[in-house]
Amino acid sequence: MTNKVLNHYREQNLDRARLLIKCPDQPGIVSAVSTFLMNNGANIIESSQYSADPEGGNFFIRMEFSCPELHKRRNEIEQSFREIATTFKMDFEFCYVSDIKKTAIFVSKELHCLMELLWEWQNGDLMMDIGCIISNYEDSSHLAESLGIPFYYIPANKDIRKQVEEKQLTILKEHDIELIILARYMQILTPDFVSYYPNQIINIHHSFLPAFIGARPYERAYNRGVKLIGATSHYVTNDLDEGPIIEQGVERVNHRDQVEDMKRIGRNIERSVLARAVKWHLQDRVIVDGNKTIVF
């Protein structure tokens with residue numbers, strides 16, 4: 001995707017935004033928000049809502065809207081919305097469609113997830129600005145170079161993890177990265193690293209979590225004789241493979257399928273699950289609630 005395409009997308013969406021809200025459920029929330037947007041000249045394009053429990057649970061809503069001169073009135077609108085937010089005890093965020101998320105992709109030796117992301121990005125299905133690709137192998141350098149994406153080869157292992165992450169964080173800051181995608185990056189991130197990007201690191205795990213957390217899940221699935229294998233895309237937290245789940249997928253297998261068969265089937269699941277999770281994050285469709293997600 002060229003800078004010309006990204007700039008055209010930005011210009012086309014200067015007056016479009018999404019409002020994400022989480023708050024205690026009570027009557028009048030939708031009315032108050034809709035009236036506020038109407039009074040500010042906005043037109044609601046899409047609205048989705050969910051109540052976890054009308055009797056004392058949380059309420060979630062995502063509204064996408066257009067508003068004349070929004071790019072000039074952002075601060076004014078956000079400040080005036082705070083009165084409603086205080087009344088209803090809202091956690092809220094205005095996400096502006098023209099603010100294309102600056103993204104970094106981490107990858108190791110297996111490239112199928114990276115290739116899927118790059119394919120959908122080139123097609124315009126993943127509207128993101130890829131700032132860089134970082135890898136502990138050099139295998140993906142040719143893909144990055146062919147598309148003009150900065151590539152950084154940083155060998156990594158558990159013994160030099162701190163030094164590696166310091167280099168990675170420097171690179172991420174240089175590129176103003178807002179989202180990190182772990183496209184089969186086979187290194188564990190430290191709590192210090194994760195703390196810089198809360199709910200901004202998306203991982204793909206080659207198992208239908210919570211089954212087979214950690215390493216070598218296909219081998220363990222084969223030894224267990226499972227009849228379904230899957231993949232899970234989730235936000236990264238300090239608990240290995242236990243962050244809020246965004247998307248999952250499964251395929252049926254049987255006794256004839258060996259470990260390599262499962263890996264081959266699994267690669268197709270992994271790349272599609274990760275791409276969907278990334279797309280929903282880019283479109284501001286995910287609200288994190290504790291260790292769960294609401295995906296609109």
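## Strand β9, under cover

A residue counts as buried when its relative accessible area is under 20%. Keep that cut-off in mind as we look at strand β9 in this predicted model. The strand covers residues 201-205, and 5 of its 5 residues are buried, so by that cut-off β9 is mostly covered.

Which way do the residues of β9 point? Ile201, Asn203 and His205 face one way, while Ile202 and Ile204 face the other way. All of them are buried, whichever way they point.

## The neighbour on one hand: β8

Now let's meet a partner. Strand β8, residues 179-182, pairs with β9 in the parallel sense, and 3 bridges link the two. Within this pairing, isoleucine 180 sits opposite isoleucine 201 of β9. To get from β8 to β9, the chain passes through helix α7 (residues 191-196), making a right-handed β-α-β crossover.

## Another partner: β10

β9 also pairs with strand β10, which spans residues 228-235. What is the sense of this pairing? Here it is antiparallel, with 4 bridges. If you look for histidine 205, you'll find that its bridge partner in β10 is threonine 232.

## A closer look at histidine 234

Histidine 234 is part of β10 too. Is histidine 234 buried or exposed? Its relative accessible area is 2%, and because the cut-off for buried is under 20%, histidine 234 counts as buried.

So who does it touch? Leaving aside neighbours within four places in sequence, histidine 234 is in contact with several residues of β9, including Ile201, Ile202, Asn203 and His205. Its other contacts are Leu209, Asp241, Glu242, Gly243, Pro244, Ile245 and Ile246.

Terms used:
Residues numbered from 1 in each chain as written. Predicted model: local features only at pLDDT ≥ 70, side-chain atom pairs only at ≥ 80, totals over all residues. Heavy atoms only, no water. Buried < 20%, exposed > 50% of the residue type's maximum accessible area, 1.4 Å probe, protein only. Pairing = 2+ DSSP bridges. Right-handed = clockwise from strand over helix to strand, strands pointing away. Contact = heavy atoms within 4.5 Å.
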